[in-house]
Amino acid sequence: GREDRAWYVFSTGDPAVANGTVQIRRALDGRRFELIGTVFTDLPAWLRSAVPGVSNIWAPDVTYHAGSYYLYYSGSTFGSNRSVIGLATNTTLDPADPDYRWVDQGQIFASTPADDFNAIDPGLVQAPDGTPYLAFGSLWSGIRMITLAWPDGRPVAGQGVPLRLADRHVPPNAIEAPSLVGHGGWFYLFVSMDFCCRGTDSTYKIAVGRSRTVTGPYLDRLGTPLAHGGGTVILSERGDMVGPGGQSIFDGWLAHHFYDAAAGGDFRLALRRIAWDADGWPRLT
C-alpha cells in the first residue's frame, strides 16, 4: 500500500520475529524497503486456540476504505484446511502517528476438515456499487469467494456456501493466492498455480482470467473457464527467478515473491508494472 508518498509491504510472519506476526516494511523511495515493525507483538490467543500448532500468520491483504485500513490475514498449518481468516484495522500506516494502532477484530471466516475449501490467502475486491468481496483459497476445491459488508468488513449473513471461482480439477488442485483488480470494465483474477515454498524446487507461476462481473465466471485468454482448469500464465520461472507467485496488486503494480537461484534459493520480493494489451489482457514489464 501507499500513504503520504511512502510505500508499505505487509508479509507473512517469521516465527522468529514477534512470534510469527505480520511484518511491515516501508520504502520512502519505492525501492529500498526496511523492516519497521509488526502488526501484533504475538499471535492472537483466539488464533492459537482455533488452529492448534499455528506458528505464524500468512498472506496479509490490506484495503483502505472510508478512513480505515482493513488487513485480512490467515492462520493455518501446512497441509491442513483447519484454517482461519482474521481481520485487523488501523486508521494510519505511519507508526509515528499518535493514532497508530492495529486493532485485532478477530476471526471473520474459517474452514475445518469437514469443508471442501481452505480459508487462507484472503484477497479483497470491491464491486462498482462498493460491495466488498473476499476471495480466498488454496488447494482443496480451489479459489472461493464470500460477500462482505462495510463498515465492519465481515461476511454477510446467510449467503450459503462460498462461490466457486477457480478449480484445476486435478489433485491436489494446486491453485491459491487470489488477487483481484478491476480494469476497463473487466475484473481480473490473478492466481498462483503449482507449488510454492520449496526453494529452487518450487514450480509456482502466476496466471490470470477475467470476467465482466466480480463474481465470475472468469475465463482465460483462450476462453477456458478458470473454474474448469483454465488460466493464462503471465509469469513463470526465468533464469535465476524460480517459482514467482504470491502476487498482490496495487496502483498498477504487481508485487510477488520468488526464489533466487543465484542466492542459493533465498526468497526475494519483486515489483512489476502491469501493462495492458489492446485486447485488455495484462502483461508484466
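1. Starting with the term I lean on most: a salt bridge here is a side-chain nitrogen of Lys or Arg within 4 Å of a carboxyl oxygen of Asp or Glu. Arg168 and Asp194 fit that rule, with their closest N and O atoms 2.7 Å apart. The two residues sit in distant parts of the chain, 26 residues apart: Arg168 is in the loop between strand S13 (163-166) and strand S14 (175-183), and Asp194 is in the loop between strand S15 (186-193) and strand S16 (205-211). Strands, by the way, are DSSP runs (E, at least two residues; helices would be H or I, at least four), numbered from the N terminus.

2. Some ground rules before going on. This is a predicted model, where local features need pLDDT of at least 70 and side-chain atom pairs count only at pLDDT 80 or more, while totals for chains, interfaces and linings use all residues. Residues are numbered from 1 along each chain as its sequence is written, and side-chain values use heavy atoms, with hydrogens and water left out.

3. Back to Asp194, which deserves a second look. Asp194 is buried, at a relative accessible area of 18%, whereas Arg168 is partly exposed at 24%. The cut-offs are under 20% relative accessible area for buried, over 50% for exposed, and partly exposed in between (1.4 Å probe, protein chains only). Asp194 also has a phi near 70°, a positive value in a residue other than glycine. So the loop between S15 and S16 holds a residue with both a salt bridge and a positive phi.

4. Asp121 is another one for the backbone list. Its phi is near 55°, again positive in a residue other than glycine, and it is found in the loop between strand S8 (103-111) and strand S9 (123-126). Asp121 is buried, with a relative accessible area of 11%. For background, most residues other than glycine have a negative phi, and most peptide bonds are trans.

5. On peptide bonds, please check two cis cases. One joins Trp150 and Pro151, with omega about 5°; Pro151 lies in the loop between strand S11 (143-149) and strand S12 (154-155). Another joins Pro171 and Pro172, also with omega about 5°, and Pro172 is in the loop between S13 and S14. That loop is where Arg168 sits too.

6. The salt-bridge count comes to 12. Asp277 pairs with Arg283, the closest N and O atoms being 2.5 Å apart, and Arg283 is partly exposed at 42% relative accessible area. Shared partners join Arg221, Asp277, Asp279 and Arg283 into one network. Elsewhere, the side chains of Asp29 and Arg32 meet in a salt bridge of 2.8 Å, N to O. Of that pair, Asp29 is partly exposed at 35% relative accessibility and Arg32 is exposed at 64%.

7. Arg283 turns up again in the sheets. An open sheet of 4 strands runs in the order S18-S19-S20-S21 with antiparallel pairing, where two strands pair if DSSP finds at least two bridges between them. Strand S18 (241-250) and strand S21 (282-284) are its edges, each pairing on one side only. The twist averages 35° from one strand to the next, using axes fitted as lines to C-alpha atoms (for helices, over the stretch in contact) and angles from 0 to 180 degrees between N-to-C directions. Strand S20 (266-276) and S21 run antiparallel and are joined by 3 bridges, and Ala275 has Arg283 in S21 as its bridge partner.

8. There is also an open 4-stranded sheet in the order S5-S6-S7-S8, with antiparallel pairing. Strand S5 (57-65) and S8 are the edge strands, each pairing on one side only, and the twist averages 20° from one strand to the next. S7 and S8 pair over 7 bridges in the antiparallel sense; Gly86 has Gln107 in S8 as its bridge partner.

9. Last, the packing. A nonpolar core means buried Ala, Val, Leu, Ile, Met, Phe, Trp, Tyr and Cys residues joined through side-chain atoms within 4.5 Å. The largest has 19 residues, of which Phe10, Val39, Phe40, Leu47, Ile57 and Trp102 touch the most other members. Strand S2 (6-11), strand S6 (68-75) and strand S7 (83-90) each supply at least two residues of this core. A second, separate core of 18 residues includes Tyr133, Leu165, Leu189 and Ala207. Setting aside neighbours within four places in sequence, Val39 is in contact (heavy atoms within 4.5 Å) with residues including Phe10, Leu71, Ala88 and Trp102.
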